[in-house]
Amino acid sequence: MDSRLQQNRRGFIGLAASGAAGLIGGGWSSVATALTGADADLIVRNAKVYTVDDSHPTAQAFAVRNGRFIAIGSSEEIAGLAGRRTTVIDAKGMTVTPGFIDCHNHASGNSLLYDVLVGNPFEVEFVTIDSIIQKLRARAAETPGDSWIRGEFYDDTKIKDKRPLDIRDLDKVSTTRPVSVRHRGGHTMVYNSKAFELAGVTKDTPDMPSGTYDKFPDGTLNGRVTDRANAVFEKAGRTIDYSPDERDRRDREGAAHISQMFARYGLTGVCHQGGNLRAIQQIRAQDRLLHRVSYEPAADVVETMIAAGQMTGFGDEWIRLGATIEHTADGSFSERTMALSAPYPGSTTGYRGNVTETQDDLNAWCERMHRAGIQVNCHANGDVAIDHVLTAYERAQRLLPNRDTRWKITHCSLVNDDLLRRMKALGVSPALFNTYAYYNADKFHFYGKELMSHMMPYRSMLDMGIPACIGSDFPPGPFSPLMGIQGMVTRTGWNGETWGANQRINVAEAIRVSSLNGAYDTHEEHIKGSITPGKLADFVMLADDPHTIDPSRIKDIQIVRTVVGGRTVYQA
């Protein structure tokens, strides 16, 4: 095995310490100071550089040595740092920003490579129900036996038929083997009749507070199952059992594929929701890891961490243990199952969404993670769930005060003034949906204007001094940072509808939210997130300036180059 895969605790700490050493003293390095060292490895000149560093917000050029920025200034000033081996990039007036950081992403590379994709993972695209049926039939034909046939990336509001997929459609795929299609939001599934039979669910099976078995008006099952009601299906039927070697191979290829996609879209850092940590380390050893990983571990890895005494921050500048994987307190924004304090607008049943965990259980889990030194991360969309999570965080903080915990709330979609005040007092780090404002505008009518004025509340949070960061939640949302920036700036969707215009922020704020605030979320703002001497040289070069282009075209700006640690990992 490659020695890089066998780094022990001492090795990780040494790497982290050596990385931090370059920042001792802080401040902006002068060109004169940089000249006392070796030549720069890389110089970018004739650029419009937006540094996201308040002490020097713009520049024309910068220099990089040993993977870090060493000087920033005018093109003439930086020219003196060039030597015979220096690579010089003439940006020809193009825009450079810090690399973008996505603080909530399921990094589903395996799904992109191996699953039946019934919708478009990256862009707004309408499909037909028949196309879904045909794709699933094709997979069934090439998959012998009676194992599950599964589809991914279904979006109920991106269907040309103008109706949702249901049990009758999936019965056309097969009546003899179980079939499922997952909504890209991740909280609802559609099943065929065979799946319900194997799971033992009938029209008389009662719903639960944490999930539902939805029905047609006549009381028969319509195939849609929400949140934790899906658990019974996970134990039903047979799935293809790959060998350990094949599973590892798929995980490696999936991790490498998604890393390439991240680089293509300008992401230099991503908070991974679980996944195969060994596979990520292996592709790093193979020089195929193109972005920095904050690994947010699932329950089994968390237990290993606690047993070994490992805390958040263990690792180095490429792979480190971050907050926990999202601990789910309620349902979904896009699938309309998040927990609200009032019934959903237009509901005839008084439905208020799904609370997926009791307050007592949430309290106990948050306290245990906090005592173990692991950054706590809870999924909470609705105001009810955010209240529950803040209650658990406040309790844990009282029991074990910590000055810089950075309690993380993933999504944090619907807030009010009281919730914002509590978040500010606790020092919460919220990771909000960024691409939803553009991609999911066709769902916002389910909530209405009043609720949407308090949703994805970037403006409210920044005005309160709460360091909101971005969390695409891919697959639920596309992960293009530029699509996210356009949505934050305009609050206008692909369909031309504007929702929650009061929550708009400007381009400079959106870039900061998408870079430096992301570094803050992972306790790494001292080493990345801005173009500052001493920090890691992670940046993107854009063909147009999002500050000056028509805001409705920001998402279409070409990523010309993505650079991580001074190395180009993507070039158009």
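Start with contacts across the whole chain. In this predicted model, take contacts between residues at least 6 apart in sequence: 72% of them join residues at least 24 apart. Pick a residue, show its neighbours within 4.5 Å, and check how far away their numbers lie.

**Whole protein**

Now select everything and show the C-alpha trace. Along its principal axes, the trace spans about 80 × 50 × 50 Å. How does the radius of gyration agree with that of a compact globule? With 572 residues, such a globule would have a radius near 25 Å, and the protein has 24 Å, so the two agree.

Switch to cartoon. The protein holds 20 helices and 25 strands.

**Surface and interior**

Turn on the surface. About 22,800 Å² is exposed, and carbon and sulfur atoms supply 50% of that area. Next, colour by burial. Of the 572 residues, 57% count as buried; the cut-off is under 20% relative accessible area.

**One sheet**

Select residues 68-73, which form β5, and 87-90, which form β6. Add residues 61-65, strand β4. What is the order of strands in this sheet? The order is β5-β4-β1-β6, in an open sheet of four strands with mixed pairing. β5 and β6 are the edge strands, and each pairs on one side only. Look along the sheet for its twist, which averages 15° from one strand to the next.

**One strand pair**

Zoom in on β4 and β5. These strands run antiparallel, and five bridges join them. Finish by labelling two residues. Which residue in β5 stands opposite Ala 61? The partner is Gly 73.

Definitions and conventions: Residues are numbered from 1 along each chain as its sequence is written. This is a predicted model: local features need pLDDT of at least 70, side-chain atom pairs count only at pLDDT 80 or more; totals for chains, interfaces and linings use all residues. Side-chain values use heavy atoms; hydrogens and water are left out. Two strands pair if DSSP finds at least two bridges between them. Helices (H or I, at least four residues) and strands (E, at least two) are DSSP runs, numbered from the N terminus. Axes are lines fitted to C-alpha atoms, for helices over the stretch in contact, and angles run from 0 to 180 degrees between N-to-C directions. The radius of gyration is taken over C-alpha atoms; the globule rule is 2.2 Å times the number of residues to the power 0.38. Buried means under 20% relative accessible area, exposed over 50%, partly exposed in between (1.4 Å probe, protein chains only). Accessible areas come from the Shrake-Rupley method with a 1.4 Å probe; for residues, only the protein chains shown count as cover.
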